[in-house]
Amino acid sequence: MSDTVTHDPSRADGMNRVIFLLALSVFINYIDRSNLSIAAPLVQDELGLSSWQLGKLLSVFFWTYGCMQIPAGWLVDRFEVKWVFAAGFFVWSAATATTGILHGFGAWIVIRVILGIGESIAFPAYSKILGSDYFTESRRGFGNAAVMAGLALGPAVGMLVGGTVVGRFGWRPFFLVLGLGSLLWLVPWLAWMPTGTTSAAPSSEYRVRILDIFRERSAWGTCLGQICINYGLYFLVAWLPFYLVRARNLSMNQMARVGGLIFFMAAVSAIVAGKLSDRWIAAGSSATKVRKTSLGLGMTGLGVSLAAAAIAPEIAFIWALALAGICLGINGAHCWAVTQTLAGPRVSGRWTGVQNFIGNFAGAFAPALTGHLLGRTGQFYWPFVIAAIISWVGALSWVFAVGPIEPVDWEKRIRRPLFGDSSRATGAVQP
């Protein structure tokens, strides 16, 4: 049975509203996951936390979020994505609001775990929706670019606005208003998101297991590529403010403007790259050529810009970091589009879960390694150089480790004869 179904074009056009909601949700997602970093000094002082306890609170989210990716991918493939995503959004927004009334360290650990569980639904759901039959290959670039734009604007607004709001009104109102206000997103989501967009395969059809995904060479390529993208992203998210203030001697206001500029550039470049890729594919180019060219150039450019930032003189380093933001946007606009095409509508949630699970190890590794190197050398030179090298490895992975970017024939893969013996599949007797 084909995975392709025909939809009313006017209904498909209505999915543009859904793209807007997806972008808004990841914007909220990235503010919610970074709000503790914004409020960390005030939280530490009020609750009397040690640096070790504060580190635990910051890291427990990422461990929970990463470990829940594969179960989350299974959920959005198995059940109606509209309701699964709504439940996850409710859980993480309620957790954010609840954080504003907590006092004990143990309660904070629990709520950060719950936050990680709720937010783990996000990216498998995005891929499930954007990989569905509502989005052809020539429309998928813009959808993923909108999600990347929301991702980039989250840290940008967090740096520019979050610190000011917390400083003026305190961290507890910040958490309460952000969490409760976010729940309003559910109203248009329940009204605009159609049901049946991505249904699970009937029991009579083939079933794809996680192990089947790992048998695909391209899955290993996308996972390695995702690690390399996330390393550069989390390196900048975690250490950019500290680098700008301590290594480049910027004031807090200058840091906010420069940091916001970099992530704003990522948002703009994602939208531009996504639209251009859609037009390129609509003009007749293959997804393989468009996605691999974009990711190869984006990852290479990210490495060059990070290496340049390590040695650039005053002022010039800002241009190098701006180029890094542009390259981050290009990469974010295409990496998940590759996965959605390869996996197909039935499997995109699980493949994304696997890819994000492995890719998020960079979220724990990049900040820790940077801190270790900074403590040993007192300089940011080696952290930037290592991030650059990893970006270049990512370029090789997306271009060479990932195979042709076309849907995997899962039925053929799963039902193929064992060890190449066709007689075992057909029952034929060989002479």
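These questions and answers walk through a predicted model, from its core to its cavities and salt bridges.

Reader: How many residues does the largest nonpolar core have, and which helix gives the most to this core?

Author: The largest nonpolar core has 116 residues. Those with the most contacts inside it include F85 and L321. With 14 residues, the helix that gives the most is α2, residues 15-47.

Reader: Which residues does W189 touch, leaving out residues up to four places away in sequence?

Author: W189 is one of the residues with the most contacts inside the largest nonpolar core. Leaving out residues up to four places away in sequence, W189 touches V18, L21, L22, K82, F85, A86 and I129.

Reader: Is helix α7 mostly covered or mostly open, and how many of its residues are buried?

Author: Helix α7 covers residues 122-130. Its buried residues include F123, K128 and I129. The helix is mostly covered, and the number of buried residues is 9 of 9.

Reader: How many cavities of 30 Å³ or more does the structure hold, and what is the volume of the largest?

Author: A probe rolled over the atoms shows where empty space is left. The structure holds 4 cavities of 30 Å³ or more. The largest has a volume of about 180 Å³.

Reader: Which residues lie nearest the centre of the largest cavity?

Author: The lining of the largest cavity has 19 residues. By class, 12 are nonpolar, 6 polar and 1 charged. Helices α2, α8, α12 and α15 each supply at least two residues of this lining. Nearest the centre lie L151, Q226, N230, L233 and W336.

Reader: Which helix gives the most to the lining of the second largest cavity?

Author: The second largest cavity holds about 80 Å³ of space. Its lining divides into 6 nonpolar, 2 polar and no charged residues, with F62, W63 and F361 among them. Helices α3 and α17 each supply at least two lining residues. With 4 residues, the one that gives the most is α3.

Reader: How many residues apart are D77 and R350?

Author: The side chains of D77 and R350 meet in a salt bridge, at 2.5 Å from N to O. D77 sits in helix α4 and R350 in helix α16, so the pair links distant parts of the chain. Both D77 and R350 are buried. The two are apart by 273 residues.

Reader: Why does R215 count as partly exposed, but D212 as buried?

Author: The side chains of R215 and D212 meet in a salt bridge, at 2.7 Å from N to O. Buried means under 20% relative accessible area, and partly exposed lies between that and over 50%. R215 therefore counts as partly exposed at 47%. D212 counts as buried because its value is 6%.

Reader: Which parts does the salt bridge of R248 and E314 tie together?

Author: The side chains of R248 and E314 meet at 3.9 Å, N to O. R248 is buried at 10% relative accessible area, whereas E314 counts as exposed at 52%. The partners are 66 residues apart in sequence. So the pair ties together the loop between α12 and α13 and the loop between α14 and α15.

Reader: Which residues are joined into one network by salt bridges that share partners?

Author: A search of the whole structure finds 6 salt bridges. Some of them share partners. The residues joined into one network are D77, K128 and R350.

Technical notes:
Residues are numbered from 1 along each chain as its sequence is written. This is a predicted model: local features need pLDDT of at least 70, side-chain atom pairs count only at pLDDT 80 or more; totals for chains, interfaces and linings use all residues. Side-chain values use heavy atoms; hydrogens and water are left out. Buried means under 20% relative accessible area, exposed over 50%, partly exposed in between (1.4 Å probe, protein chains only). A nonpolar core is a set of buried Ala, Val, Leu, Ile, Met, Phe, Trp, Tyr and Cys residues joined through side-chain atoms within 4.5 Å. Contact means heavy atoms within 4.5 Å. On a 1 Å grid over the protein atoms alone, a cavity is a set of points where a 1.4 Å probe fits but cannot get out, and a pocket is an open set with protein on both sides within 12 Å along at least five of seven lines; lining residues have an atom within 4 Å of a point. Grid points are joined across faces, edges and corners, and a volume is the space filled by probe spheres set on the points. Ala, Val, Leu, Ile, Met, Phe, Trp, Tyr, Cys and Pro count as nonpolar, Asp, Glu, Lys and Arg as charged, and the others, Gly among them, as polar. A salt bridge is a side-chain nitrogen of Lys or Arg within 4 Å of a carboxyl oxygen of Asp or Glu.
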